[in-house]
Amino acid sequence: MYYDAHCHYVNLKKKYEGFVIASVSMDYRSSLANLELKDENVLKGIGIHPWNVGKEKLEEVLPLVKRADFLGEIGLDYRLSSAPRELQVKYFEAFLEEGQGKTVNVHALDAWADSLKLLLDHDVERAILHWYSGPTDLLKDIEGAGYFVTINPSVTFQAKHRAVLERAPPEIILTESDGGYEYKGKLLEPTDVIPTLEYIAKVKEMELEEVKKKVEENFKKAFKL
Ligand SMILES: [Zn+2]
C-alpha cells in the first residue's frame, strides 16, 4: 500500500488501487462531494481552504464536520489568500472547535508559526502540516507536539522543501500528492507518491522498504487508524 496524506481526490475521476488516500476539501461543494464517496481506503476531510475564507459560509460547512474522518484542508495562508488574517484565524478556529478530537490537515503557507500556535492553543492531538516548506527550526516543535509534515512531489526541485526533508526526522514524515491540482503544467495524482518515496529514501539514505514502512506507520498514527 501507498499512503497519500493530502489529495483533492474528488477532482480526479479515477480509482487508485493500492493507495490509501486522505481526500481534502476546499469548500462546501467539495465537502459534500467527499461525504458522498463510497470508496474504501479513502478518508474524508471537511473544510474551507484559507483561499476561500470569506467566500464560503462557515454555517454551511461546519455542520458537515461530524461526518468527516478528519478536518481539512484548513489553516492560514499569509501569501496567497486575499482574506484578512483575522478572518482566516476565525475560520480556522471555528473548525478546530467544531472538530475536536479529529486529525487536522493544515495548509499554512507563510503562516507556519501562527498555524502551529493555534493548533497547540486548541490542544489538537494529531495534525499534518501539508507541503511543509517553512523554517526548519520549527520542525523540533512540530515533532515535540507529535505532529507530522508531508513531503510533496515538488521536493525534487523546491529547495526549501528539500531542506525540510533533509532536516525532518523520519518519524514525522508523510507522503502526499496534492493530487487533483495542476502544478507547473502537470496534473498531480496519488501515483506521484511513488517517485517521492524513492527520493526520500535517497536523501535520508534509507532502504525504500524501510521508508515505506515508516510512512505507513506514521499515516496510521496521524489518522488514528
Ligand atoms: Zn491541497
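Me: Which exposed residues sit on the face of H6 turned away from its buried side?
Reply: That face carries Ala159, Lys160 and Arg167, where exposed means over 50% relative accessible area, buried under 20% and partly exposed in between (1.4 Å probe, protein chains only). This is a predicted model, in which local features need pLDDT of at least 70 and side-chain atom pairs pLDDT 80 or more, while totals for chains, interfaces and linings use all residues. Residues are numbered from 1 along each chain as its sequence is written, and side-chain values use heavy atoms, without hydrogens and water.

Me: And which ones are buried in H6?
Reply: In helix H6, residues 159–167 (helices are DSSP runs of H or I, at least four residues; strands are E, at least two), the buried residues are His161, Val164 and Leu165. Seen down the axis, they fall within an arc of 100° (directions from the axis to the C-beta atoms), so they line one face of the helix.

Me: What covers them?
Reply: The cover includes helices H5 (139–144) and H7 (193–204), together with strands S7 (148–151) and S8 (173–175), by contact, meaning heavy atoms within 4.5 Å.

Me: Switching to the zinc ion, what are its protein donors?
Reply: They are His6 (NE2), His8 (NE2), Glu73 (OE) and Asp178 (OD), at 2.2 to 2.4 Å; donors are N, O and S atoms within 2.8 Å of the metal (3.2 Å for Na, K and Ca), and water is not among the atoms, so sites may look incomplete.

Me: Why does the pair His8 and Glu73 tie together distant parts of the sequence?
Reply: His8 lies in the loop between strands S1 (2–7) and S2 (19–23), whereas Glu73 is in strand S4 (residues 70–75), so the pair links parts that are 65 residues apart in sequence. Both His8 and Glu73 are buried.
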